[in-house]
Amino acid sequence: MCYRTRLNAQLEEIEKSFDAYFEEKERYMPREEINGFSHSPYPVIVDESPGHIQFYNWGLIPFWAKDNKIQKATLNAKVETLNEKPSFRNAIKNRCLVIVDGFYEWQWLDPKGKEKQKYIIKPKDQDIFALAGIYSQWKNPETGSEMGTYSIVTTEANELMGEIHNNKKRMPIVLHKQDRKKWLTSEDYSAFAFPYETDLVADKC
DNA sequence: CCAGACGTTGTT
DNA sequence: GTCTGG
DNA sequence: CCAGACGTTGTT
DNA sequence: GTCTGG
C-alpha cells in the first residue's frame, strides 16, 4: 500500500518537471513526510486541467457519500477491482497525477511485524515523479462546500517492492515520465496494471 | 424488503 | 446512487 | 491486530 | 487451532 509520501522539492522544480503551474503558490509547503490519514490538501494534476497543479485531499470521497468517514479506507484503490467497487467505479475516468519525490514503505523484520524497517522509494531516473491517481468531486451536505479528493491506484508489488512490502505485497503505480499524459487520457488502464515495470531504488531510513 | 455498506490493511 | 446480507 | 466464533435448523 | 469481522 502507500500511505505516506514525500514532497520536499522546490515549487519551481515541480512546475518544471510537469510543465504545469500552481494556481495557489502560497499553499505549497515542501514536506519530508506526508501522512495520508491526515487527508490534507496535496498537489495533483487532474485530466481536465493538465496545465495546472491543484490541491486535492488524499482519500477519495464518492459523490454519494454523506460524510467523509470513508476517506480512511480510500487512500489506495486496487487497480484489479477499480471497476467493481461502488466507491471507485464512478471515478475510473477521472485520472490524476499525484506528485511526489518519494514514498515510504515498511518491511516486516519478523512474522508479526513487531520490528519494522522503513524505506524511502523512488525511480532511478526521476527525482520528482507521478503516482497514478483517480479523483472525485464531493459536496459536503452538511456545509455545502465542495472539494476534490483522490486515491492512489495500487498494483501487485514488483520484485523489489515485494521484498520491502513483504506482508501485503502491494505498491503504487509509479508512472514513467513519458506515460504521465497516457495515464490522464487513456480509457483503458490495463497497460498500467502489473507487470507495469518501473526501475525503483529503495533506501533505508 | 430494507438497513447498511460502499474501502484498505498504519497507528512507524 | 446501487448493491447485498440478513 | 485481536476478540470472538467455530453449527444446524425438532419439540415426537 | 484457525479463521474472520470489526
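In strand S8, Phe103 is the bridge partner of Thr5. This pair belongs to a predicted model. Thr5 falls within strand S1, residues 4-7, which is joined to strand S8, residues 102-108, by 2 bridges. The two strands run antiparallel.

Strands S1 and S8 are part of an open sheet of 5 strands, in which the order is S3-S1-S8-S9-S14 and the pairing is antiparallel. The edges are formed by strand S3 (31-35) and strand S14 (200-204), each of which pairs on one side only. On average, neighbouring strands of the sheet are turned by 30° against each other, with direction ignored.

The protein also contacts DNA strand B, around which 20 residues are found. Met1, Arg4, Ala73, Lys85 and Trp106 come nearest among these. By class, the surface near the DNA strand consists of 9 nonpolar, 4 polar and 7 charged residues. Strand S6 (residues 76-78) contributes the largest share of this surface, with 3 residues. On the DNA side, 53% of the atoms within 4 Å of the protein belong to sugar or phosphate, and the rest belong to bases.

Polar contacts reach several parts of DNA strand B. In the side chain of Arg4, an N or O atom is 3.1 Å from a base oxygen of DNA strand B. Ala73 places a backbone N or O atom 3.4 Å from a sugar or linking oxygen of DNA strand B. For Lys78, a polar backbone atom is 3.1 Å from a phosphate oxygen of DNA strand B.

Key
Residues are numbered from 1 along each chain as its sequence is written. Chains are lettered from A and ligands numbered from 1 in the order in which they are written. This is a predicted model: local features need pLDDT of at least 70, side-chain atom pairs count only at pLDDT 80 or more; totals for chains, interfaces and linings use all residues. Side-chain values use heavy atoms; hydrogens and water are left out. Two strands pair if DSSP finds at least two bridges between them. Helices (H or I, at least four residues) and strands (E, at least two) are DSSP runs, numbered from the N terminus. Axes are lines fitted to C-alpha atoms, for helices over the stretch in contact, and angles run from 0 to 180 degrees between N-to-C directions. A residue is near a molecule or strand if one of its heavy atoms lies within 4 Å of it. A polar contact is a pair of N or O atoms within 3.5 Å; within protein, one must be able to donate a hydrogen and the other to accept it, and residues adjacent in sequence count only if both atoms are side-chain atoms. Ala, Val, Leu, Ile, Met, Phe, Trp, Tyr, Cys and Pro count as nonpolar, Asp, Glu, Lys and Arg as charged, and the others, Gly among them, as polar.
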